[in-house]
Amino acid sequence: RRPDIRRAECELAAANQQVGIAVSDYFPRFFLLGGFGPKCDKFNELFNSKSIGWGVGPSFFWPVINFGRVKYNVLA
């Protein structure tokens, strides 16, 4: 119940979380992106139901070139 011990435990938990975040940079990230909006050439076609377009697609991010920086962040 000592406040200094509790503070030290909280600081240790925060440091452990930072290491976990740094280690997660070794792995790729996947995203699903999407868009929705008008696709017309003329202003009077803007509110037509056929002038609405949408798209969905995957995205992939993996900072392979920055593994030296990632390794340093894990060790620091």
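Which residue forms a salt bridge with Asp25, and how far apart are the closest N and O atoms? The partner is Arg29, and the closest N and O atoms of the pair sit 2.5 Å apart. Keep in mind while reading that this is a predicted model.

## Overall layout

Let's start with the big picture. The chain has two helices and two strands, and from the N terminus on they come in the order α-β-β-α. Helix H1 covers residues 3-24, strand E2 takes in residues 52-61, and helix H2 runs over 67-75.

Now for the dimensions. A compact globule of 76 residues would have a radius of gyration near 11 Å, whereas this chain comes out at 24 Å. Along the principal axes, the C-alpha trace spans about 70 × 35 × 15 Å.

## Surface, burial and contacts

How much of the chain counts as buried? The figure is 11% of the 76 residues. The accessible surface adds up to about 7,000 Å², and carbon and sulfur atoms make up 62% of that area.

Contacts are worth a look too. Take the contacts in the chain with a separation of 6 or more: 58% of them join residues 24 or more positions apart.

## Charges and salt bridges

The chain carries 10 positive and 6 negative charges, and the mean positions of these two sets are 2 Å apart. Side chains of opposite charge can pair when their charged atoms come close. In this structure there are two salt bridges.

One of them is the Asp25 and Arg29 pair from the opening question. Asp25 counts as buried because its relative accessibility is 16%, which is under the 20% cut-off. Arg29 has 35% relative accessibility, so Arg29 counts as partly exposed.

The side chains of Arg2 and Asp4 also meet in a salt bridge, at 2.7 Å from N to O. Is Asp4 buried or exposed? Neither label fits: Asp4 is partly exposed, because its relative accessible area is 37%.

## Helix H1 and its distances

Two residues of helix H1 make handy reference points. Ala14 sits in this helix and is partly exposed, with a relative accessible area of 38%. From Ala14 to Leu46 there are 32 residues along the sequence, and their C-alpha atoms are 51 Å apart in space.

Ser24 belongs to helix H1 as well. With a relative accessibility of 33%, Ser24 counts as partly exposed. Where does Ser24 lie relative to Val74? The two are 50 residues apart along the chain, and 9.5 Å separates their C-alpha atoms.

## The end of the chain

Ala76 is found in the segment after helix H2. Ala76 counts as exposed because its relative accessibility reaches 70%, and the cut-off for that label is over 50%.

Gly20 gives a useful distance for this end of the chain. Ala76 and Gly20 are 56 residues apart in sequence, with 12 Å between their C-alpha atoms.

## Trp54 in strand E2

If you like to keep an eye on tryptophans, go to Trp54 in strand E2. Trp54 has 68% relative accessibility, so Trp54 counts as exposed. Which residues does Trp54 touch, leaving out those up to four places away in sequence? They are Gly35 and Phe36.

Glu9 offers a long-range distance for Trp54. These two residues are 45 positions apart in sequence, and the gap from C-alpha to C-alpha is 49 Å.

Note on methods: Residues numbered from 1 in each chain as written. Predicted model: local features only at pLDDT ≥ 70, side-chain atom pairs only at ≥ 80, totals over all residues. Heavy atoms only, no water. Helix = DSSP H or I, 4+ residues; strand = E, 2+ residues; numbered from the N terminus. Rg over C-alpha atoms; globule rule 2.2 N^0.38 Å. Buried < 20%, exposed > 50% of the residue type's maximum accessible area, 1.4 Å probe, protein only. Contact = heavy atoms within 4.5 Å. Areas by Shrake-Rupley, 256 points an atom, 1.4 Å probe, with all protein chains shown as cover. Lys, Arg positive; Asp, Glu negative; His and termini not counted. Charge placed at Lys NZ, Arg CZ, Asp CG, Glu CD. Salt bridge = Lys/Arg side-chain N within 4 Å of Asp/Glu carboxyl O.
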